[in-house]
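Biologist: Please take a close look at a single part of this model, the helix packing and the open space around it. Give the cut-offs for each term as you go.

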Amino acid sequence: MIQKILIANRGEIALRIVRACRELGIKTLAVYSEADVQSLHVQLADEAICIGGNKSSESYLRADRIISAAEIADVDAIHPGYGFLSENAKFAEQCESCNIKFIGPKSKSIRMMGDKSIAKDTVRKAGVPIVPGSDGPVETEAEAVKIARKIGYPVIIKAVAGGGGRGMRIAHNDVSFAKEYHVARGEAEKAFGNGTVYLEKYIERPRHIEFQILADAHGKTLHLGERDCSVQRRHQKLIEESPSPFLTPDLRKKMGKAAIKASEAAEYENAGTIEFLVDAKGNFYFIEMNTRIQVEHPVTEEVTGIDIVKQQIQIANGEKIEFDQGDIKFEKHAIECRINAEDPSRNFAPSPGTIGLYYAPGGLGVRVDSHAYSGYTIPPYYDSMIGKLICYGPTRKAALERSYRALSEYLIRGIKTTIPLHRAIMADPVFIEGKATTAYMEDFLGRTAADLFS
Ligand code: MV4
């Protein structure tokens, strides 16, 4: 039985995990860097241990120190949150071998899905559609250019160790391909210590639609519907919503079934996400699997009423999921806006510093997941997300109106945030009509005067 959990993360997700543990009667241990002493997750956990200096590489990425803390405090399990060590197969393995439950999938599934080329091959064999491309990694430039021609330009070059958009290059002809191929390999080698790349047909203006999966250790795999994450900038999602305004009931059913097949092919356990690209005609293609809890999980929680973090803990504890696919009702519409300490009118420059006054919106259909408070200092060492606003209602229109209202209620003094940008998007006809693809943000920023979102 899990009685005490170490939370190997910080910020809003650490707080989210503390909250789930409290409701389950499970004790919590926070670990923190020197920069996070005054952080809310440290104050709200039952115990806290400082694991090192400001930099992630000296604290939240130090598997050795985190496992030492786990042993000192005698925890039963570690929840990795997202980012940091959450998709590190070695760390999951170390937990397994120290007899500490890793709240996530088996290290084998993390490893398999962590290699994006193996992931594609695995789900393809299970009958899930993938983007046409190279049959596995490409080894030489000569071989690669032959395959690129066969696929037909434009092609996208992706790192097998990549994911989330890092280390991708697009080529439109043989000449640019030769250049981009080498750039992609160099970038991948530098970023991941692995320069191996594969090729795909480049899908123009796709939608990014992902399915939330829950799978227990007793062979039950369910999906909790989709999230449309098409509104992103430089591979950072800004807005996520469920249901997707683009999917028809028929397409949703097909994609949900494919997502479950993909998860089962990875012998997946716990919460995970199957990412698809969807083109204008409604063709969908698996691109990758995320083997962790995601930032945008609350959107699904509000639509389904299922507490995904609690489910993660119960699944890690060996319990069965107590409901079936047919029991899951998708009755609401939810929209999440990521509130970042960034200045959208200055090319999203980070805006760390001390928050003077902090007042978050509330009322019917409003959820705020945030570790921020009046007087909190945002350290410059980590990502800039200081919270998430999730608004929901019976219809998309209700969720949109509520989002606009809630965004107008926020008071955050002393730093710049993405709040004014979100307000402008909630009032933008293209977004309101549900027409946003992954090309949306670039287009929006190009046609909107900066004073409308600063
Ligand atoms: C693609 C694609 C088009 N065609 N793959 C970006 C995030 C990562 N999970 C997958 N991504 C993409 N993969 C194929 N075959 C378009 C994206 C993509 C993108 C690519 C380049 C620049 C910006 C982008 C924004 C969203 C999605």
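Modeller: Helix packing and the second largest pocket

The axes of H13 and helix H15 (residues 440–447) cross at roughly 95° and come within 12 Å of each other. H13 and H15 are therefore roughly perpendicular to each other. Leu421, Ala424 and Ile425 of H13 make the contact with Tyr440, Met441, Phe444 and Leu445 of H15. By class, the residues of this contact are seven nonpolar, no polar and no charged.

The terms are as follows. Helices (H or I, at least four residues) and strands (E, at least two) are DSSP runs, numbered from the N terminus. Axes are lines fitted to C-alpha atoms, for helices over the stretch in contact, and angles run from 0 to 180 degrees between N-to-C directions. Angles under 35 degrees count as roughly parallel, over 145 as roughly antiparallel, 65 to 115 as roughly perpendicular and the rest as oblique. Contact means heavy atoms within 4.5 Å. Ala, Val, Leu, Ile, Met, Phe, Trp, Tyr, Cys and Pro count as nonpolar, Asp, Glu, Lys and Arg as charged, and the others, Gly among them, as polar.

This is a predicted model, in which local features need pLDDT of at least 70, side-chain atom pairs count only at pLDDT 80 or more, and totals for chains, interfaces and linings use all residues. Residues are numbered from 1 along each chain as its sequence is written, and side-chain values use heavy atoms, with hydrogens and water left out.

H13 also takes part in the second largest pocket, where H13 gives the largest share of the lining, three residues. Helix H12 (396–409), strand S22 (411–412) and helix H13 (419–426) each supply at least two lining residues. The lining has 16 residues, and Tyr410, Ile412, Thr417, Ile419 and Pro420 lie nearest the centre of the pocket. Nine nonpolar, three polar and four charged residues make up this lining. The space in the pocket is about 270 Å³. A pocket here is an open set of points on a 1 Å grid over the protein atoms alone, where a 1.4 Å probe fits, with protein on both sides within 12 Å along at least five of seven lines; lining residues have an atom within 4 Å of a point. Grid points are joined across faces, edges and corners, and a volume is the space filled by probe spheres set on the points.
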